[in-house]
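User: I would like to learn how to read the surroundings of a ligand in a protein model. Could you take me through a case step by step?

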Amino acid sequence: MKAIPSSEITPEEVYLSRRRFLKQALVFTGAVALAACAPQSVATNPPGDDGATATGSTDELGDRLTSYQDVTNYNNFYEFTTDKVAVARLSSSFISSPWQVQVGGLVESPKTFDLDDLRTRFDRQERITRLRCVEGWSMVIPWLAFPLRDLLNEVRPTADARYVRFESLYDPQQFPGQKDKWFNWPYVEGLTLAEAYNDLTLLATGLYGKDLLPQNGAPIRLVVPWKYGFKSIKSIVKIDLVAEQPTSLWMAAAPNEYGFYANVNPNVPHPRWSQASERRIGELGRRDTLLFNGYAEQVAELYRGLDLKANY
Ligand code: MTE
């Protein structure tokens, strides 16, 4: 995403060539080739996936779920590494329990939730959404999540609150990437209050019927499906209601490349590449990128009158 072009491209290339190799290998193995022709229902448990299940098998557009294997082995989590295919391994001993999320700032009733509170107090449901990374790849993920709105209703933002600011854990002992001084750690993200109250804005504590693994942002992460994936901040410890627009980690690192809004938009290229198309992980070829990642009906109203090019 930022000025580490080779590490951004190489792991993906390696990953892809590994997939291509596997695909070719499958052609020569009767049994697996047969499995590949079977209906692609992910509701079954692939061997080794340890009970990962989803009740749905597509999103509302009919796009198939990305496999559990891919969702948990191709990750962006710079606190561990910039190498997407190494995140799962390097994060395997991450300690995500006990965990607390402090919710405060401009609210009537600040609260600190611990993990059990979050898992039991809020009604978590399967929500299938697309995740489109600013780098040009995408997935379809069955989250276990609840609307951020439910949590905000418990703390009751005051009339002065205009934005929500999110912060990830700062712990260089557990997060070796935080020793990299290029970034202004901890990872920070933000939303307008209206975005935060939208029904699509979720706090996820699981996916594929299981609690989140470290690589996906255990124990709790944001999901904002109409925005580029970097807005979907992982391993959150702090949520503050604020009056001023928060400066995210990416805005601070490269303000000309990453703005506050980061809405998925095929018509607004990244300064270094086009956003007109994307590669869905698990598919060959590319597909057209949809305005607001296909969620225009639910969110376009939020940006009426806003210049989407200037407010990238
Ligand atoms: N959150 C934190 N704390 N650190 C990160 O590096 N990467 C972001 C986002 N959230 C990131 C993060 C980016 S760039 C993307 S595309 C998504 O997480 C990837 O989520 P996934 O690995 O679960 O697919």
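Analyst: The turns below go through the ligand site and then one loop residue. Keep in mind that this is a predicted model.

User: Which residues come nearest to the ligand?

Analyst: Start by listing the residues around the ligand. There are 18 of them here, and Asn 75, Tyr 78, Glu 79, Ser 232 and Lys 234 come nearest.

User: How does the shell around the ligand divide into nonpolar, polar and charged residues?

Analyst: Sort the shell by residue class. In this model nine residues are nonpolar, six are polar and three are charged.

User: Which atoms of Tyr 78, Ser 168 and Arg 221 should I look at?

Analyst: Look for pairs of N or O atoms within 3.5 Å. For Tyr 78, a backbone N or O atom is 2.7 Å from an oxygen atom of the ligand. Ser 168 places a polar side-chain atom 3.0 Å from a ligand nitrogen atom. Arg 221 also has a polar side-chain atom 3.0 Å away, but from an oxygen atom of the ligand. As for cover, the ligand on its own has 540 Å² of accessible area, and the protein covers 100% of that.

User: What kind of space does the ligand take?

Analyst: The ligand takes up the space of the largest cavity.

User: Where does Thr 81 lie, and is Thr 81 buried or exposed?

Analyst: Thr 81 is in the loop that runs between helix H3 (68–71) and helix H4 (87–90). Thr 81 counts as buried because its relative accessible area is 16%, and the cut-off for buried is under 20%. A polar atom of the Thr 81 side chain lies 2.9 Å from the backbone nitrogen of Asp 83.

Terms used: Residues numbered from 1 in each chain as written. Predicted model: local features only at pLDDT ≥ 70, side-chain atom pairs only at ≥ 80, totals over all residues. Heavy atoms only, no water. Near = heavy atom within 4 Å. Polar contact = N/O pair within 3.5 Å; in protein donor to acceptor, adjacent residues only side chain to side chain. Areas by Shrake-Rupley, 256 points an atom, 1.4 Å probe, with all protein chains shown as cover. 1 Å grid on protein atoms, 1.4 Å probe; cavity = no way out; pocket = protein on both sides within 12 Å on 5 of 7 lines; lining within 4 Å. Sits in = over half its atoms within 2 Å of the grid points. Nonpolar A, V, L, I, M, F, W, Y, C, P; charged D, E, K, R; others polar. Helix = DSSP H or I, 4+ residues; strand = E, 2+ residues; numbered from the N terminus. Buried < 20%, exposed > 50% of the residue type's maximum accessible area, 1.4 Å probe, protein only.
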